[in-house]
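Work through the exercises below with the coordinates open. Try each task before you read its solution.

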Amino acid sequence: MKKILLVVLLALLPFSLNAETKLDQIMSSGELKVGTTGDWDPMTMKDPATNKYVGFDIDVMQELAKDMGVKITFVPTEWKTIVSGITAGRYDISTSVTKTPKRAEVAGFTDTYYKYGTVPLVLKKNLKKYSTWNSLNNKSVTIATTLGTSQEEKAKEFFPKSKLQSVESPARDFQEVLAGRADGNITSSTEANKLVIKYPQLAIVPDGEKNPAFLAMMVDKNDKVWNDYVNAWIKDKKSSGFFNKLLAKYNLKSL
C-alpha cells in the first residue's frame with residue numbers, strides 16, 4: 001500500500017509545486033481532519049457512551065488516515081453545514097454524502113464507493129393507508145425532511161402536493177413520524193433497514209426504491225491533487241477487497 005501511495009505522490013508532485021494542496025497540509029501537519037454528522041446509521045454514528053464515532057464511513061476514514069501515516073480528527077458538523085465546512089476549509093474531507101448537482105456547484109466529490117435506493121417510512125399502523133409512494137403525494141399528507149440532506153430536495157420532486165416539513169439537527173425527520181407530527185419521510189434504504197429494526201413502530205412503504213443515489217466523500221472542488229490522491233486510494237482499496245469486507249461487516253449491499 002505504501003508503495004502505491006508513494007507512486008501517487010510522485011505522479012502528483014508537479015501539480016503541488018505551484019501551490020500547497022490539502023495533501024501537502026495533511027502530510028506536513030500529520031493530521032487528517034474529517035467532517036461528519038454522526039447521525040446516519042450505519043455510516044456514521046456518535047456513541048453517547050464513549051463520545052466517539054463509529055460506523056462504515058468512520059472505518060473508511062480511519063483506514064485512509066492509517067495508510068497515510070497520520071492521525072485522524074473528526075470534526076462535528078450538521079447536514080445543513082456539511083458543504084460549507086468543505087468550502088470554508090474547516091476539514092479536509094467529509095464522510096460520505098449523496099452526490100447532488102447542488103452540492104457539486106461548490107464542492108468536489110471523490111469516486112463513488114457505495115450506491116443506495118430511496119424509500120419512504122411511515123408508521124406501521126398507517127401502512128394500509130400509505131402503501132405506495134403516490135399515496136403520500138397528497139395535500140393532506142405531511143412529509144418530514146432533515147434540513148440540508150439530499151432527501152430534502154428529493155421530497156419536493158416526489159411529493160409536490162404534500163406539505164413538506166424540515167427539521168434541523170440534532171432532530172431527525174423520522175422522529176417527526178414517530179411523534180405523529182408527520183405522516184412520512186424518505187431516507188436511504190440503508191438507514192431505513194436499520195430504523196425499522198430499532199423502531200418497530202416504523203415500516204418501509206413496500207412499492208419499491210427510487211432515485212438510485214451515489215455516495216462519495218466531499219473535498220475542495222479546486223484541489224485536484226488531493227481528489228486524485230483519494231481516488232487512487234479508493235481504487236486500490238476496492239481491488240484489495242477492503243470495501244467488500246466492510247460491507248459484510250455492516251451487513252450492507254451496494255446497488
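## Exercise 1: The enclosed space

Task: find the volume of the largest cavity.

Solution. The volume of the largest cavity is about 150 Å³. The model is a predicted one. Next, apply a cut-off of 30 Å³ or more: the structure holds one cavity. The approach is a general one: a probe the size of a water molecule, rolled over the atoms, shows where empty space is left.

## Exercise 2: The lining

Task: state how many residues line the largest cavity, and which lie nearest its centre.

Solution. Step one: count. The lining of the largest cavity has 16 residues. Step two: look towards the centre. W40, W79, T149, Q151 and T187 lie nearest to it. Step three: sort the lining by class. Five residues are nonpolar, six are polar and five are charged.

## Exercise 3: Where the lining comes from

Task: identify the elements that each supply at least two residues of this lining. Then explain where the cavity lies relative to the two domains.

Solution. Start with the elements. β2 (39-40), β7 (97-98), α7 (150-158) and β12 (184-188) each give at least two residues. β12 has the largest share, with three residues. Now turn to the domains. Domain 1 covers 24-114 + 214-250, and domain 2 covers 116-212. Both contribute to the lining, so the largest cavity lies between them.

## Exercise 4: Strand β9

Task: decide whether β9 (residues 114-123) is largely enclosed or not, and give the reason.

Solution. Use the burial cut-off: a residue is buried under 20% relative accessible area. Nine of the 10 residues of β9 meet it. Therefore β9 is largely enclosed by the rest of the structure.

Task: list strands that pair with β9, with the bridge counts.

Solution. Take each partner in turn.

- β14 (residues 210-216) is antiparallel to β9, with four bridges. Here T118 has K210 as its bridge partner.
- β12 is also joined to β9 by four bridges, again antiparallel. V119 faces T187 of β12. T187 is also among the residues nearest the centre of the largest cavity.
- β13 (residues 202-204) pairs with β9 over three bridges, in the antiparallel sense. V122 stands opposite A203 there.

## Exercise 5: The annotated span

Task: state which feature UniProt places at residues 31-254, and give the helix and strand content of that span.

Solution. The unreviewed UniProt entry gives "domain: Solute-binding protein family 3/N-terminal". Over residues 31-254, helix makes up 34% and strand 29%. The end C-alpha atoms of the span are 30 Å apart.

Note on methods:
Residues numbered from 1 in each chain as written. Predicted model: local features only at pLDDT ≥ 70, side-chain atom pairs only at ≥ 80, totals over all residues. Heavy atoms only, no water. 1 Å grid on protein atoms, 1.4 Å probe; cavity = no way out; pocket = protein on both sides within 12 Å on 5 of 7 lines; lining within 4 Å. Points joined across faces, edges and corners; volume = space filled by probe spheres on them. Nonpolar A, V, L, I, M, F, W, Y, C, P; charged D, E, K, R; others polar. Domains from an automatic or database assignment. UniProt positions renumbered as here; feature names shortened; annotations may be inferred. Buried < 20%, exposed > 50% of the residue type's maximum accessible area, 1.4 Å probe, protein only. Pairing = 2+ DSSP bridges.
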